[in-house]
Amino acid sequence: MPKDDVVEFEGVVVEALPNAVFKVKLPSGYIVTAHISGKLRQNFIKILVGDKVTVEVSTYDPTKGRITWRVK
């Protein structure tokens, strides 16, 4: 995804799925399926249900995204 084609949202992790994939609920009420970005995976950042995260959502497919940050 090029940087121009994404929109960033802050959401809450609702469900953890296999292979580092999560369901994230956005403030608008939508639920997005998101995977972990490479830097989070590389640095072994753990994400649990209930964590606030920043998600990049594609403008082409608004049901999928990438988790780029975990809010402390």
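Five strands close up into a barrel here, in the order E1-E2-E3-E5-E4, with mixed pairing. From one strand to the next, the twist averages 50°. Keep in mind as you look around that this is a predicted model.

Let's start with E5, which covers residues 64–70. In the barrel order, E5 sits between E3 and E4. Strands of a sheet pair through backbone hydrogen bonds, and they can do it parallel or antiparallel. On one side, E5 runs parallel to E3 (residues 31–36), and four bridges join the two. If you want a spot to zoom in on, Thr 33 has Lys 64 of E5 as its bridge partner. On the other side, E5 pairs with E4 (residues 52–58) in the antiparallel sense, over five bridges. Two of the partnerships here are Val 57 with Gly 65 of E5 and Val 53 with Arg 70 of E5. The link from E4 to E5 is a hairpin of five residues.

Now for the inside. The largest nonpolar core has 13 residues, and those touching the most other members are Val 13, Phe 22, Val 24, Ile 47, Val 53, Val 55 and Ile 67. E2, E3 and E4 are the elements that give two or more residues to this core. So Val 53 turns up twice in this tour: as the bridge partner of Arg 70, and among the core residues that touch the most other members, where buried means under 20% relative accessible area.

Phe 22 is a good place to park the camera. Setting aside its neighbours within four places in sequence, Phe 22 contacts Val 13, Glu 15, Ala 16, Leu 17, Val 32, Thr 33, Ala 34, Ile 36, Ile 47 and Ile 67. Follow one of those contacts to Ile 36, which lies in strand E3. Is Ile 36 buried or exposed? Ile 36 counts as buried, because its relative accessibility is 9% and the cut-off is under 20%. With the same sequence neighbours left out, Ile 36 is in contact with Ala 20, Phe 22, Arg 41, Ile 47, Arg 66 and Ile 67. For a distance to check on screen, the C-alpha atoms of Ile 36 and Val 14 are separated by 15 Å, with their positions 22 residues apart along the chain.

Ala 20, one of the contacts of Ile 36, deserves a look at its backbone. Most residues other than glycine have a negative phi. Ala 20 has a positive phi, near 60°, and is found in the loop between strand E1 (6–17) and strand E2 (21–25). Its relative accessible area of 24% makes Ala 20 partly exposed. Phe 44 also has a positive phi, about 55°, without being a glycine. This residue is in the loop between helix H1 (38–42) and E4. Is Phe 44 buried or exposed? Phe 44 counts as exposed, because its relative accessibility is 65% and the cut-off is over 50%.

Last stop: the largest pocket, with a volume of about 160 Å³. Which residues line the largest pocket? They are Lys 39, Leu 40, Asn 43, Ile 45, Thr 68, Trp 69, Arg 70 and Lys 72. H1 and E5 each supply at least two residues of this lining, and E5 has the largest share, with three residues. Arg 70 ties the pocket back to the barrel: this lining residue is also the E5 bridge partner of Val 53.

Technical notes
Residues numbered from 1 in each chain as written. Predicted model: local features only at pLDDT ≥ 70, side-chain atom pairs only at ≥ 80, totals over all residues. Heavy atoms only, no water. Pairing = 2+ DSSP bridges. Axes fitted to C-alpha atoms, helices over the stretch in contact; angles between N-to-C directions. Buried < 20%, exposed > 50% of the residue type's maximum accessible area, 1.4 Å probe, protein only. Core = buried A, V, L, I, M, F, W, Y, C linked by side-chain atoms within 4.5 Å. Contact = heavy atoms within 4.5 Å. 1 Å grid on protein atoms, 1.4 Å probe; cavity = no way out; pocket = protein on both sides within 12 Å on 5 of 7 lines; lining within 4 Å. Points joined across faces, edges and corners; volume = space filled by probe spheres on them.
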